[in-house]
Amino acid sequence: MDTTSKIVGALGVGLVLVLAPPVLAAEEPLEPRALFLAVRARGELVTDGRLDEPAWAEAPVLSAFTQSFPVPGAAPSEKTEVRLLYDDANLYVGITAFDSQPEAIHQGLGRRDAIPASDVVRVMIDSLRDRTTGYVFSINAGGTLEDGRLTDDLTLSTDWDGMWEGSAVVTNVGWTAEMRLPLRMLRFPTASEQRWGFHVRREIARTQEQLDSVVIPREANALVSRFGDLRGLRDIQHRSQLTLLPYVASRLTAQSFAPGGGERRLVPSVDVGLDLQANLTSDLSLTATVNPDFGQVEADRLLVNLGTAEVFFPEKRPFFLEGVELFLPVGAENGRAAQTLFYSRRIGLETPVLGAAKLTGTVREGLQVSLLDAVVMGAVNPHPDREPPDGRYQFHPRRPFHFAPNSSLPTEVQSPTNYLAGVMRAELAPGVRTGAMITSVNPLTQDRRETKGGQGAAVDFSLRNPDGAYVLLGQVDGSRVTGLVPEGVRLRDGTLLRSGDVGFGTYLKGGKLGGQPWRTTLTYQLATPRLDLSPAGFQPVQNEQDASAHLQYGYSDGWGPFAELWLGVKGHSRWSADGRGLGLYKSAMLTIDATFPDSSNFWCESGADGRRQDLREIDGYGVAFERPTFLYVICGAVTNRARPLSFSAVGYVDRTFNQGATLGQVGSSLELGVTWRPLPRFQTQFQAGHEATQDGPRWVEALGPDRHLFAQLTPRFLSFTLRQLVVITPRLTLQAYAQLLSGYGHYGPFFLGVAPPRGFLRLSDLVPTDTQTDPSFHTSALNLNLVARWEYRLGSTLFLVYSRAQEEPSDLEGAVASRSLLPRALLSGPGTDTLLLKANIAW
């Protein structure tokens with residue numbers, strides 16, 4: 001079928017697919033499942049990447065690989081062989097990746113869990129045989145390791161870390177990889193012979209081929225459910241094992257608090273703690289930590305949030321990443337959803353974590369559970385006003401494993417608080433899953449300071465047809481808040497929230513999410529005014545309903561010059577959930593997503609946003625404030641990452657219409673990135689961004705019950721980010737991260753608006769006014785991390801970390817009026833330098 005015929009066919013049936021509800025199509029015949037056979041190993045095996053032990057010659061060979069990309073079902077350009085051995089403690093995987101051009105094999109080295117674009121093999125195991133969850137173990141031709149967990153059939157999280165070994169060797173006929181996977185890592189049922197789901201994928205960087213043991217084309221909305229079978233594992237028993245990882249971390253911190261740098265104080269400190277991992281049964285594990293230290297974790301991205309919703313930051317702390325996939329809500333994207341019950345960044349955000357424990361496993365076939373409990377508790381400086389500063393070392397029961405001068409302790413901390421989260425996931429039938437989750441945040445003492453707490457609960461479901469193309473999933477949730485002041489708290493939209501208040505929410509997503517050429521996605525979300533999941537979860541907005549429809553037409557197996565191309569049209573609408581049914585937002589947009597044969601990608605979205613009202617702009621009054629209508633275009637592109645030099649770019653442009661106090665203006669932002677890998681062991685990434693967006697007048701302050709001050713806000717920001725990686729060996733890496741943010745926000749001209757609470761304020765109602773208020777600001781900040789990481793034996797690691805955090809002085813003369821994008825006296829501002837030496841050992 002030529003391109004013209006495809007487009008004509010799209011126009012002919014597109015409207016029918018939009019109006020007709022998605023129904024389960026007749027089941028398409030799936031590819032026959034690959035059969036892997038494992039045999040017991042004879043003799044000792046050394047994981048050196050060379051399959052030269054006699055046992056490997058006796059192992060059955062599977063070599064029937066098929067292209068999944070770029071041409072699904074086509075014969076691969078290179079041959080691949082897989083062999084499997086096992087003993088009482090380990091599963092061994094040996095892969096021979098033949099290559100007619102061994103000199104062209106990409107062997108890029110990277111740090112653990114960050115394989116660069118290169119030649120890779122991935123081993124995927126569904127040891128519970130639930131066709132929904134699994135493990136992924138990856139190794140590239142340079143020997144870099146990566147692992148992760150699969151949930152919901154195809155959602156991959158690389159946050160999980162297992163203790164396993166792998167090596168790779170390039171030969172004159174290709175390359176070989178050898179993995180030793182301890183059985184204690186895997187959850188599996190008790191049986192005389194195991195039957196697991198098993199899949200192997202090979203990626204060839206120079207040809208962009210994806211070779212699979214069972215073909216899984218890109219348009220397939222499924223992965224684990226298509227795995228082949230692994231048989232032959234007989235008489236393997238789960239061995240209970242306890243792994244202890246004690247650590248000691250020594251810091252030397254230099255702090256300056258006064259503007260201009262001021263006197264610097266040297267503060268030494270020592271922390272001790274313990275991580276624990278225990279396999280209680282073959283499918284139930286316990287993970288615990290006491291006084292966890294995360295000093296080696298990269299700093300969060302610097303930004304200035306000028307919006308009315310909280311910004312989501314990804315979790316980076318190892319303990320909370322373990323097993324987090326079970327807590328992700330159905331339909332989550334990038335680790336979050338609009339109503340996320342459990343957001344681990346809440347724990348230890350302001351106060352250190354004293355201890356935490358997590359129990360995860362399968363209590364019966366098809367039923368998985370996880371329970372997490374954490375306590376945060378911190379000590380305060382008993383003499384904050386003492387001069388000279390209190391340099392005594394004292395024992396503090398609320399922070400017993402931290403040894404530092406009293407002067408380094410904060411003057412105020414959150415009340416000791418317990419965080420509890422539990423989740424249950426069950427597979428009722430093939431493709432039919434349901435789950436339930438609870439969260440609870442409770443202060444442990446009645447301090448004079450109020451501490452917000454609360455409970456959350458949700459049930460969810462996921463329905464998929466056999467090939468994963470048709471999906472319906474959803475969640476219903478509720479919340480109850482505690483610990484608020486007696487008079488309650490006024491939310492940004494004007495809702496009064498009191499202790500004991502209950503709220504509800506839901507979201508639904510369904511349609512034809514896989515297959516080709518047509519895809520249809522429908523979504524709906526509801527958050528009632530008093531829904532508040534924030535004590536333990538992430539919920540950026542409430543008092544809102546949201547509905548959208550996205551229709552796409554395209555092909556994943558080639559369309560003209562493209563390896564993959566999808567065209568779409570999308571409609572989006574929001575309105576309030578407080579009974580007023582206020583229209584908050586309407587938009588229509590066109591989308592395009594294209595992948596070229598060399599894996600370069602281009603995407604673009606253009607649309608119009610109109611009929612906008614904002615209930616959160618005027619903080620706490622419930623006034624529906626009109627926002628300007630605008631047109632926008634946002635596009636991005638990424639070149640082939642397997643090349644020594646690759647580029648990325650994201651550009652945004654919008655144009656507002658003349659509406660009252662809003663003049664027609666153009667806003668824009670641009671982010672450019674470059675990745676340079678001149679050698680397999682060396683990688684440099686640099687990003688530069690400029691933001692010059694605008695959105696009409698913004699609320700400044702209330703001048704009375706119905707009088708409000710507004711001003712045109714002109715923000716301008718520059719950001720530069722550098723990441724440097726040097727891989728000495730796969731277990732010894734040097735990393736550098738630096739980000740510089742600088743910019744300003746200028747307010748003016750100013751306007752006066754009059755609207756009663758829960759009223760409506762149009763842009764045309766704003767009138768110019770004079771004021772002495774000027775909230776304009778100038779800001780600059782610097783974050784720097786240098787990390788040397790050495791895994792000197794399996795599971796045992798030594799870190800040497802230097803970090804610097806610097807801010808511009810807040811009282812510089814002329815700073816408010818400055819409209820310079822350059823930093824102003826940044827290096828003389830208050831800052832903190834820290835040198836950390838941390839070591840742990842796995843017992």
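Is Asn-543 buried or exposed? Keep that in mind while reading the points below. The model is predicted.

1. Start with the backbone at Asn-543. Its phi is positive, about 55 degrees, although Asn-543 is not a glycine. Most residues other than glycine have a negative phi. Find Asn-543 in the loop between strand S27 (518-527) and strand S28 (544-555). Now the opening question. Asn-543 has 1% relative accessibility, and the cut-off for buried is under 20%, so Asn-543 counts as buried.

2. Next, look at Arg-758. This residue is not a glycine either, and its phi is near 65 degrees, a positive value. Arg-758 sits in a loop too, between S40 and strand S41 (760-761). How much of Arg-758 is accessible? The relative accessible area is 47%. Buried ends at 20% and exposed begins over 50%, so Arg-758 is partly exposed.

3. Turn to the peptide bonds. Most peptide bonds are trans. The bond from Phe-69 to Pro-70 is cis, with omega near 10 degrees. Where does Pro-70 lie? Look in the loop between strand S2 (66-69) and strand S3 (80-86).

4. There is also a cis bond from Gly-748 to Pro-749. Here omega is near 0 degrees. Pro-749 belongs to strand S40, which covers residues 732-754. S40 also borders the loop that holds Arg-758.

5. Now the cavities. How many of 30 Å³ or more does the structure hold? There are five. The second largest has a volume of about 50 Å³.

6. Which strands each supply at least two residues of the lining of this second largest cavity? They are strand S22 (453-464) and strand S23 (470-482). S22 gives the largest share, three residues. The lining includes Gly-454, Gln-455 and Gly-456. Ser-479 and Arg-480 are also among the lining residues.

7. Other parts of the chain join in. Leu-341 and Thr-439 are in the lining of the second largest cavity. So are Asp-532, Leu-533, Pro-535, Ala-536 and Gly-537.

8. Last, the chemistry of that lining. Its residues divide into four nonpolar, six polar and two charged. Try sorting the names yourself. Leu-341 and Pro-535 are among the lining residues, and both residue types count as nonpolar. Arg-480 and Asp-532 are also in the lining, and their types count as charged. Take care with Gly-454: it lines the cavity, and Gly counts as polar here.

Methods. Residues are numbered from 1 along each chain as its sequence is written. This is a predicted model: local features need pLDDT of at least 70, side-chain atom pairs count only at pLDDT 80 or more; totals for chains, interfaces and linings use all residues. Side-chain values use heavy atoms; hydrogens and water are left out. On a 1 Å grid over the protein atoms alone, a cavity is a set of points where a 1.4 Å probe fits but cannot get out, and a pocket is an open set with protein on both sides within 12 Å along at least five of seven lines; lining residues have an atom within 4 Å of a point. Grid points are joined across faces, edges and corners, and a volume is the space filled by probe spheres set on the points. Helices (H or I, at least four residues) and strands (E, at least two) are DSSP runs, numbered from the N terminus. Buried means under 20% relative accessible area, exposed over 50%, partly exposed in between (1.4 Å probe, protein chains only).
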